[in-house]
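Open the model in your viewer and follow the stops below in order. Each stop says what to select and what is there.

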Amino acid sequence: DDIDRAINAIDRSDSEGLRNYALVVLIAMYGLRASEAVGLRLEDIDWRNNVLHIRQSKTRRALNLPLLSRIRDALIAYLRDGRLKTRERYVFMKVHAPHGPISRTTAYDVVCGVLKKAGIVADHYGPHALRHARATALLQKGVTLKSIGDIFGHRVPEATLVYCKVAVEDLRT
(Lines give C-alpha, C1' and ligand atoms only; values in the text may rest on other atoms or scores of the structure.)
Protein backbone atom coordinates (compact mmCIF):
# COMPACT_ATOMS: atom_id res chain seq x y z
CA ASP A 1 0.00 0.00 0.00
CA ASP A 2 2.84 2.39 0.85
CA ILE A 3 4.56 1.69 -2.45
CA ASP A 4 1.35 2.28 -4.43
CA ARG A 5 0.78 5.52 -2.52
CA ALA A 6 4.31 6.66 -3.34
CA ILE A 7 3.97 5.74 -7.02
CA ASN A 8 0.60 7.44 -7.37
CA ALA A 9 2.02 10.61 -5.82
CA ILE A 10 4.56 11.08 -8.62
CA ASP A 11 3.78 14.26 -10.56
CA ARG A 12 3.43 13.23 -14.21
CA SER A 13 2.87 16.70 -15.62
CA ASP A 14 6.30 16.94 -17.26
CA SER A 15 8.83 14.71 -18.99
CA GLU A 16 10.81 14.06 -15.83
CA GLY A 17 7.70 12.96 -13.96
CA LEU A 18 6.63 10.67 -16.81
CA ARG A 19 10.08 9.08 -16.81
CA ASN A 20 10.22 8.73 -13.05
CA TYR A 21 6.75 7.20 -12.91
CA ALA A 22 7.56 4.63 -15.61
CA LEU A 23 10.89 3.80 -13.96
CA VAL A 24 9.51 3.38 -10.45
CA VAL A 25 6.49 1.35 -11.62
CA LEU A 26 8.80 -0.94 -13.60
CA ILE A 27 11.16 -1.50 -10.68
CA ALA A 28 8.39 -1.88 -8.10
CA MET A 29 6.13 -4.26 -10.01
CA TYR A 30 8.87 -6.62 -11.17
CA GLY A 31 11.37 -6.18 -8.34
CA LEU A 32 14.09 -5.30 -10.83
CA ARG A 33 17.59 -4.28 -9.93
CA ALA A 34 18.43 -0.68 -10.85
CA SER A 35 20.91 -1.89 -13.47
CA GLU A 36 18.24 -4.06 -15.11
CA ALA A 37 15.81 -1.14 -15.33
CA VAL A 38 18.30 1.39 -16.68
CA GLY A 39 19.64 -1.23 -19.11
CA LEU A 40 16.23 -1.66 -20.72
CA ARG A 41 16.34 -0.95 -24.45
CA LEU A 42 13.52 -0.19 -26.86
CA GLU A 43 13.94 -3.56 -28.57
CA ASP A 44 13.44 -5.30 -25.20
CA ILE A 45 9.76 -4.35 -25.27
CA ASP A 46 7.71 -6.75 -27.37
CA TRP A 47 4.53 -4.71 -27.78
CA ARG A 48 2.75 -7.27 -29.99
CA ASN A 49 3.16 -10.17 -27.59
CA ASN A 50 3.09 -8.09 -24.38
CA VAL A 51 6.47 -9.37 -23.23
CA LEU A 52 9.33 -7.53 -21.59
CA HIS A 53 12.81 -8.98 -22.14
CA ILE A 54 15.11 -8.31 -19.19
CA ARG A 55 18.84 -8.93 -19.11
CA GLN A 56 19.54 -10.00 -15.54
CA SER A 57 22.64 -8.16 -14.46
CA LYS A 58 24.01 -10.64 -11.92
CA THR A 59 23.29 -13.93 -13.67
CA ARG A 60 23.56 -12.68 -17.27
CA ARG A 61 20.45 -14.73 -18.02
CA ALA A 62 17.51 -13.50 -20.06
CA LEU A 63 14.16 -13.18 -18.33
CA ASN A 64 10.90 -12.76 -20.20
CA LEU A 65 8.14 -11.15 -18.19
CA PRO A 66 4.54 -10.39 -19.14
CA LEU A 67 4.14 -6.71 -19.97
CA LEU A 68 1.59 -5.76 -17.34
CA SER A 69 -0.96 -3.14 -18.35
CA ARG A 70 0.13 -0.61 -15.70
CA ILE A 71 3.72 -0.83 -16.88
CA ARG A 72 2.73 -0.79 -20.55
CA ASP A 73 0.64 2.35 -20.05
CA ALA A 74 3.42 4.08 -18.09
CA LEU A 75 6.01 3.23 -20.75
CA ILE A 76 3.73 4.38 -23.58
CA ALA A 77 3.05 7.72 -21.86
CA TYR A 78 6.76 8.27 -21.23
CA LEU A 79 7.91 7.22 -24.71
CA ARG A 80 5.27 9.33 -26.45
CA ASP A 81 5.25 12.45 -24.31
CA GLY A 82 8.31 12.47 -22.06
CA ARG A 83 11.31 10.87 -23.65
CA LEU A 84 13.85 12.97 -25.48
CA LYS A 85 13.68 12.47 -29.26
CA THR A 86 16.92 10.62 -29.95
CA ARG A 87 18.35 7.65 -31.79
CA GLU A 88 19.57 6.28 -28.48
CA ARG A 89 18.08 2.81 -27.85
CA TYR A 90 17.97 2.93 -24.05
CA VAL A 91 14.46 3.53 -22.76
CA PHE A 92 15.26 5.78 -19.81
CA MET A 93 17.04 8.98 -20.75
CA LYS A 94 18.34 11.98 -18.83
CA VAL A 95 16.00 14.95 -18.88
CA HIS A 96 18.74 17.57 -18.67
CA ALA A 97 22.02 17.97 -20.53
CA PRO A 98 24.28 16.19 -21.07
CA HIS A 99 21.72 13.91 -22.66
CA GLY A 100 22.07 10.15 -22.70
CA PRO A 101 20.84 7.11 -20.79
CA ILE A 102 20.29 7.45 -17.06
CA SER A 103 22.65 5.72 -14.65
CA ARG A 104 22.00 3.36 -11.76
CA THR A 105 22.71 6.31 -9.48
CA THR A 106 19.94 8.31 -11.13
CA ALA A 107 17.53 5.38 -10.69
CA TYR A 108 18.53 5.18 -7.02
CA ASP A 109 18.01 8.92 -6.53
CA VAL A 110 14.61 8.81 -8.24
CA VAL A 111 13.31 5.89 -6.16
CA CYS A 112 14.77 7.30 -2.94
CA GLY A 113 13.16 10.69 -3.61
CA VAL A 114 9.78 9.15 -4.38
CA LEU A 115 9.75 7.04 -1.20
CA LYS A 116 10.90 9.88 1.04
CA LYS A 117 8.46 12.37 -0.50
CA ALA A 118 5.64 9.91 0.23
CA GLY A 119 6.69 9.84 3.88
CA ILE A 120 7.66 6.19 3.88
CA VAL A 121 9.87 5.36 6.84
CA ALA A 122 12.43 2.66 6.09
CA ASP A 123 15.92 1.58 7.07
CA HIS A 124 16.97 1.79 3.43
CA TYR A 125 15.62 3.56 0.38
CA GLY A 126 16.21 3.01 -3.31
CA PRO A 127 15.43 0.25 -5.82
CA HIS A 128 16.43 -2.54 -3.47
CA ALA A 129 13.74 -1.43 -1.01
CA LEU A 130 11.21 -1.93 -3.81
CA ARG A 131 12.75 -5.32 -4.59
CA HIS A 132 12.28 -6.39 -0.97
CA ALA A 133 8.70 -5.10 -0.98
CA ARG A 134 7.88 -7.02 -4.17
CA ALA A 135 9.36 -10.27 -2.85
CA THR A 136 7.38 -9.95 0.38
CA ALA A 137 4.15 -9.11 -1.47
CA LEU A 138 4.56 -12.10 -3.79
CA LEU A 139 5.24 -14.41 -0.86
CA GLN A 140 2.14 -13.12 0.95
CA LYS A 141 0.08 -13.84 -2.19
CA GLY A 142 1.20 -17.46 -2.07
CA VAL A 143 3.92 -17.38 -4.73
CA THR A 144 6.58 -19.98 -3.96
CA LEU A 145 10.13 -19.05 -2.98
CA LYS A 146 11.32 -20.94 -6.06
CA SER A 147 9.15 -18.80 -8.36
CA ILE A 148 10.21 -15.57 -6.65
CA GLY A 149 13.83 -16.67 -6.98
CA ASP A 150 13.34 -17.37 -10.68
CA ILE A 151 11.89 -13.91 -11.25
CA PHE A 152 14.67 -12.28 -9.24
CA GLY A 153 17.41 -14.28 -10.95
CA HIS A 154 18.49 -16.21 -7.86
CA ARG A 155 20.09 -19.62 -8.21
CA VAL A 156 19.74 -20.65 -4.58
CA PRO A 157 16.72 -20.28 -2.25
CA GLU A 158 18.85 -18.67 0.47
CA ALA A 159 19.34 -15.62 -1.75
CA THR A 160 15.58 -15.20 -2.06
CA LEU A 161 15.05 -15.62 1.68
CA VAL A 162 17.03 -12.43 2.28
CA TYR A 163 14.36 -10.49 0.40
CA CYS A 164 11.49 -12.10 2.30
CA LYS A 165 12.87 -11.73 5.82
CA VAL A 166 10.10 -9.40 6.95
CA ALA A 167 7.46 -12.01 6.12
CA VAL A 168 8.43 -14.39 8.91
CA GLU A 169 4.91 -15.75 9.45
CA ASP A 170 4.49 -16.42 5.72
CA LEU A 171 7.84 -18.18 5.59
CA ARG A 172 6.85 -20.40 8.51
CA THR A 173 3.80 -21.53 6.57
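Where is the place of Asn50? Select Asn50: its place is in the loop between S1 and strand S2 (51-55). This is a predicted model, so keep a colouring by pLDDT at hand. Now check the backbone. Asn50 is not a glycine, yet its phi is positive, about 55 degrees. Add a surface. Asn50 counts as partly exposed because its relative accessibility is 33%, between the 20% limit for buried and the 50% limit for exposed. Then draw a distance to Arg5. The C-alpha atoms of Asn50 and Arg5 are separated by 26 Å, with the two positions 45 residues apart along the chain.

**The whole chain**

Zoom out and show the cartoon. The protein chain has nine helices and three strands. Trace the elements from the N terminus: the order is α-α-α-β-β-β-α-α-α-α-α-α.

Put a box around the C-alpha atoms, along the principal axes. The box is roughly 50 × 35 × 25 Å. A compact globule of 173 residues would have a radius of gyration near 16 Å, and the protein chain agrees, with 16 Å. Of those 173 residues, 41% count as buried.

Colour by pLDDT. The protein chain averages 88, and 92% of the residues score at least 70. Where is confidence lowest, and where is it highest? Select helix H9 (residues 168-172) for the lowest, at a mean of 55. Select strand S1 (residues 45-46) for the highest, at 98.

**Helix H2**

Select residues 15-30, which form helix H2. Its end C-alpha atoms are 23 Å apart. The 16 residues should span 22 Å at 1.5 Å a residue, so the distance agrees with the expectation. H2 is mostly covered, with 13 of its 16 residues buried.

Go to Ser15, which is found in helix H2. Ser15 is partly exposed because its relative accessible area is 26%, above the 20% limit for buried. Draw a distance from Ser15 to Ala137. These two are 122 residues apart along the chain, and their C-alpha atoms are separated by 30 Å.

Then step just past the helix. Gly31 takes a positive phi there, about 70 degrees.

**The second largest pocket**

Show the pockets and pick the second largest. It holds about 240 Å³ of space. Which residues are closest to its centre? Select Ile10, Asp11, Asn20, Val114 and Lys117, out of the 13 residues that line the second largest pocket.

Colour the lining by class. Six residues are nonpolar, three are polar and four are charged. Now colour it by element. H2 and helix H5 (104-117) each supply at least two residues of the lining. H5 gives the most, with four residues.

**A cis proline**

Select Ala97 and Pro98. The peptide bond from Ala97 to Pro98 is cis, with omega near 0 degrees. Pro98 lies in the loop between helix H4 (69-81) and H5.

**Helix H6**

Select residues 127-140, helix H6. Its 14 residues reach 20 Å from first C-alpha to last, close to the 20 Å expected at 1.5 Å a residue. Which residues of H6 are buried? Show side chains for Pro127, Leu130, Arg131, Arg134, Ala135, Thr136, Leu138 and Leu139. Two arginines, Arg131 and Arg134, are among them.

Move on past the end of the helix. H6 is followed by Gly142, and the phi of Gly142 is positive, near 95 degrees.

**Helix H7**

For the last stop, select residues 145-152, helix H7, and pick out Ser147 within it. Is Ser147 buried or partly exposed? Ser147 is partly exposed because its relative accessible area is 30%, and buried would need a value under 20%. Finish with one more distance. The C-alpha atoms of Ser147 and Pro157 are separated by 9.8 Å, and the two residues are ten apart along the chain.

Note on methods
Residues are numbered from 1 along each chain as its sequence is written. This is a predicted model: local features need pLDDT of at least 70, side-chain atom pairs count only at pLDDT 80 or more; totals for chains, interfaces and linings use all residues. Side-chain values use heavy atoms; hydrogens and water are left out. The expected span of a helix is 1.5 Å times one less than its number of residues. Buried means under 20% relative accessible area, exposed over 50%, partly exposed in between (1.4 Å probe, protein chains only). pLDDT is the predictor's confidence in each residue, from 0 to 100. On a 1 Å grid over the protein atoms alone, a cavity is a set of points where a 1.4 Å probe fits but cannot get out, and a pocket is an open set with protein on both sides within 12 Å along at least five of seven lines; lining residues have an atom within 4 Å of a point. Grid points are joined across faces, edges and corners, and a volume is the space filled by probe spheres set on the points. Ala, Val, Leu, Ile, Met, Phe, Trp, Tyr, Cys and Pro count as nonpolar, Asp, Glu, Lys and Arg as charged, and the others, Gly among them, as polar. The radius of gyration is taken over C-alpha atoms; the globule rule is 2.2 Å times the number of residues to the power 0.38.
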